[in-house]
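Me: Please take a close look at one part of this model, the pockets, and then follow the chain from there into the buried interior. I would like one connected account rather than a list.

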Amino acid sequence: MDRQRAEEWIRAHVEPAGAIETAHERPWSTVLRVPLVDGVAWFKACAPVQAFEPRLTAGLFTRWPDRVAEVLGHDDERAWLLLADAGTPIGALGNPPEAWLAALPPYAELQRGEAAHAQENLAHGVPDLRVATLPARYEELLRRELPLEGDEVQRLREFAPRFEELCRELAAHGLPETIQHDDLHMANVYKNAEQLRVLDWGDSSISHPFASLVVTFRFLEEMNKLPVDDPWFTRLRDVYLEPWGRDLAGVFELAIRVGKFAHAFAWARQRDHLPEEEHSDFDKWYAVILRRALAQTFR
């Protein structure tokens, strides 16, 4: 990123009230904090792996201004994005399940509405993880060197035919494929007063909508230490499903099972865009994601 040109571009959209500072710099994006007289704005320069994010975010804000961050400016060619401040991440509040109780129905409504824009988003680079593509993604995964033990990889190989069957079963239910955030956790939902907004759409794909809760539920398990049979999971599932219709609990369970593999496929894509020296640290967490998928082969 050309820092001077980025700051010139920022100043064309807002008037900084002080020095523009680097908030963080990661392989997939660089974020700058822009102080304003009445608050703060956030600039994001996306790496090629997430170059679709500014256009996607701007489109979502146009159609859903009450549920995503306010877009102050975006440059599709340079993959730059300028956002208004959205408040406090709910992780800072302890990731309360009550916040998800409020956030999930509007998110589901957004997904339903965005199904009409799925082809448009695919044409502009949003990754394609539609259910019909997943068996081929599974075969691609098996051709990789994975941070797993040999017997674990063999278990994945043996499960391949069953995975294809599960994908066919899921597709047969006919739910519309749409935007799937795929990083829907406590650091990406922000609260300002009573307003909740979903940020950071750079891990998104076009996929089965219900797979969004793979990450949400993982963080409630790991960060909040909720046991897998905690009633909160059923309660959150039900409020999420309400905008979709009735009698979908079985479809949801199937989508989560398939979605844990789709999430691993998305991580493989991210890994492909990392410098080699970053692989070791990445693989520590990638192994966790792979083993959560692997656990689905024992059912």
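Reply: What follows goes from the pockets to a helix that helps to line one of them, and then to a single buried glutamate.

The model is a predicted one, and its largest pocket holds about 1300 Å³ of space. Of the 47 residues that line this pocket, Arg26, Trp28, Asp183, His185 and Asp203 are the closest to its centre. Several elements contribute at least two lining residues each, among them the strands E1 (21-26), E2 (29-36), E3 (39-46) and E5 (80-84), together with the helices H2 (53-63), H7 (213-222), H9 (249-272) and H10 (279-294). Sorted by class, the lining of the largest pocket comprises 25 nonpolar, ten polar and twelve charged residues.

The second largest pocket has about 510 Å³ of space and a lining of 21 residues, with Phe217, Val228, Phe252, Glu253 and Ile256 nearest its centre. Here H7, H8 (231-241) and H9 each provide at least two lining residues, and the largest share, seven residues, is that of H9. H7 and H9 are thus named for the largest pocket and again for the second largest. The lining of the second largest pocket divides into eight nonpolar, three polar and ten charged residues.

Helix H2, one of the contributors to the largest pocket, also has a buried side to its description: Glu53, Pro54, Leu56, Thr57, Ala58, Gly59 and Leu60 are buried in this helix. The elements that cover these buried residues include E3, E4 (71-75), E5, H3 (97-114), H4 (118-123) and E8 (178-180). E3 and E5, which are among the elements covering H2, also supply residues to the lining of the largest pocket.

From H3, one of the elements covering H2, the account comes to glutamate 114, which lies in that helix. Is this residue buried or exposed? Glutamate 114 counts as buried because its relative accessible area is 1%, where the cut-off for buried is under 20%. Leaving aside residues up to four places away in sequence, glutamate 114 touches Leu60, Arg63, Trp64, Asn121, Thr178 and Ile179. Two of these contacts involve polar atoms of side chains: the side chain of glutamate 114 makes a polar contact of 2.7 Å with the side chain of arginine 63, and another, of 2.8 Å, joins it to the side chain of tryptophan 64. By contrast, the C-alpha atoms of glutamate 114 and lysine 225, which are 111 residues apart along the chain, are separated by 33 Å.

Note on methods. Residues numbered from 1 in each chain as written. Predicted model: local features only at pLDDT ≥ 70, side-chain atom pairs only at ≥ 80, totals over all residues. Heavy atoms only, no water. 1 Å grid on protein atoms, 1.4 Å probe; cavity = no way out; pocket = protein on both sides within 12 Å on 5 of 7 lines; lining within 4 Å. Points joined across faces, edges and corners; volume = space filled by probe spheres on them. Helix = DSSP H or I, 4+ residues; strand = E, 2+ residues; numbered from the N terminus. Nonpolar A, V, L, I, M, F, W, Y, C, P; charged D, E, K, R; others polar. Buried < 20%, exposed > 50% of the residue type's maximum accessible area, 1.4 Å probe, protein only. Contact = heavy atoms within 4.5 Å. Polar contact = N/O pair within 3.5 Å; in protein donor to acceptor, adjacent residues only side chain to side chain.
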